[in-house]
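Ready for a few exercises? Have a look at what is shown below, then try each task before reading its worked solution.

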Amino acid sequence: MTELVVRRLLIDLEQPVARHWCGGDAFLTAWFNALSMSFPIGEQFFIDSVRNGFKALPPQRQAELQAEVQGFVGQEATHRRIHALFNAQIEKHGLVNDWEPRARERLRLLEGTDPRHGLAITAANEHFTALFAEWLLSHPQLLDGCEPRLKTLWLWHSAEEAEHKCTAFDLYQALDGSHTWRSTWMRRITLVFLTDTLRQTVNNLQRDGTLWRWSTWRSAARHMLGRDGLLRQTFKPWRAYFRRDFHPDQQSSDLSANWLRDNATQYTRVGRAEPA
């Protein structure tokens, strides 16, 4: 069982956010903004999926996993709320969230299905976010030059994503979820997630008027495909998910624990997690 602490971040997101808040880099700003636009509806789906899976467990297993599930729900609910505040600020720049309506339509197709499907989808997405989190925590200089509160926001979120990366996966396993369906959903989510991220990033850049600038494409190539780029750095750990013996805790979360320890003044612990 993983101990998951619910934390309240001590930053003010009622204040405006600069248009190119990520060190003046239009591509990175648009890309981070795109990810944030997916979080409120995505985090709520993860919460619902984990709750539904938890309820399907026998009482003994519920007792064993209750604290971890409550911590997961509390952390994701906090992410959902704080990114809703962030999204409200970036929408003032004329950005439009086209990702959320598409996701909402797809999620309706899952209503009433076996809870293991929701858990498999959540576990796949959590693997993506854990890989992104590890990459960002390994390259915090990407956020140099941006406001301290926004750097803190993204590194804190990354640290907690790495911290709770096992919860949905373990619930899926506890419900005897098959390796075949776990792999199938990862393939589907890979296509959907990458496509939606690209579409929303391009949408953001178009509305920002920076899509066709050479600096935008240069930044995209460097940060996604370069030697230390996200896609190159995360391909092997992404592929590891398809191994039959894979478990998320096989991939280190030391950077997460280190950031949470070294930045304890940036948050307060919430005394009580949301109920499972």
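**Exercise 1: Around Q15**

Task: Find the residues in contact with Q15, leaving aside its neighbours within four places in sequence.

Solution. Setting those neighbours aside, Q15 is in contact with Q89 and R149. Keep in mind that this is a predicted model. Next, place the residue: Q15 lies in the loop between β1 (7–9) and α1. Its side chain also has a polar contact of 3.5 Å with the side chain of D12. Then check the exposure: Q15 has a relative accessible area of 44%, so it is partly exposed, since that class runs between 20% and 50%. Finally, take a distance: the C-alpha atoms of Q15 and E161 are 25 Å apart, with their positions 146 residues apart along the chain.

**Exercise 2: The other side of the contact**

Task: Follow R149 and decide whether R149 is buried or exposed.

Solution. Start with the location, which is helix α5 (residues 148–163). The relative accessibility of R149 is 13%, so R149 counts as buried. Now list its contacts, not counting residues up to four places away in sequence: R149 touches I11, D12, L13, Q15, P16 and V17. Two polar distances complete the picture. A polar atom of the R149 side chain lies 2.4 Å from the backbone oxygen of P16, and the side chains of R149 and E147 share a polar contact of 2.8 Å.

**Exercise 3: The nonpolar core**

Task: Work out which residues in the largest nonpolar core touch the most other members.

Solution. The core holds 75 residues, and those touching the most other members are W21, W31, F32, L153 and W154. Helix α1 (residues 26–55) is the biggest contributor, giving 15 residues to this core. Now zoom in on F32: not counting residues up to four places away in sequence, F32 touches W21, C22, F132, L136, L143 and W154.

**Exercise 4: Salt bridges**

Task: How many salt bridges are there, and how do three of the pairs compare?

Solution. The count comes to 13 salt bridges.

- Step one: E163 and R7 meet through their side chains in a salt bridge, 3.0 Å from N to O. This pair links distant parts of the chain, with E163 in helix α5 and R7 in strand β1, 156 residues apart. R7 is buried, because its relative accessible area is 6%.
- Step two: R108 and E105 form a salt bridge with an N to O distance of 2.3 Å. The two residues are 3 residues apart in helix α3 (residues 99–108), so about one helical turn separates them. R108 counts as partly exposed at 42% relative accessibility.
- Step three: R243 and D245 are joined by a salt bridge of 3.0 Å, N to O. R243 is partly exposed at 38% relative accessibility, whereas D245 is exposed, with a relative accessible area of 54%. To finish, look for shared partners: salt bridges join R7, E160 and E163 into one network.

**Exercise 5: A loop and a patch**

Task: Where is H139, and which residues make a nonpolar surface patch of about 270 Å²?

Solution. H139 sits in the loop between α4 (115–138) and α5. With a relative accessible area of 11%, H139 is buried, and its side chain reaches the backbone oxygen of W135 at 2.8 Å. Turning to the patch, its members are L194, L225 and L231. Among them, L225 is found in helix α8 (residues 214–225) and counts as exposed at 52% relative accessibility.

Definitions and conventions
Residues are numbered from 1 along each chain as its sequence is written. This is a predicted model: local features need pLDDT of at least 70, side-chain atom pairs count only at pLDDT 80 or more; totals for chains, interfaces and linings use all residues. Side-chain values use heavy atoms; hydrogens and water are left out. A nonpolar core is a set of buried Ala, Val, Leu, Ile, Met, Phe, Trp, Tyr and Cys residues joined through side-chain atoms within 4.5 Å. Buried means under 20% relative accessible area, exposed over 50%, partly exposed in between (1.4 Å probe, protein chains only). Helices (H or I, at least four residues) and strands (E, at least two) are DSSP runs, numbered from the N terminus. Contact means heavy atoms within 4.5 Å. A polar contact is a pair of N or O atoms within 3.5 Å; within protein, one must be able to donate a hydrogen and the other to accept it, and residues adjacent in sequence count only if both atoms are side-chain atoms. Patches are made of residues with over 30% relative accessible area and no salt bridge: like charges are joined within 9 Å, nonpolar side chains (Val, Leu, Ile, Met, Phe, Trp, Tyr) within 5 Å. Accessible areas come from the Shrake-Rupley method with a 1.4 Å probe; for residues, only the protein chains shown count as cover. A salt bridge is a side-chain nitrogen of Lys or Arg within 4 Å of a carboxyl oxygen of Asp or Glu.
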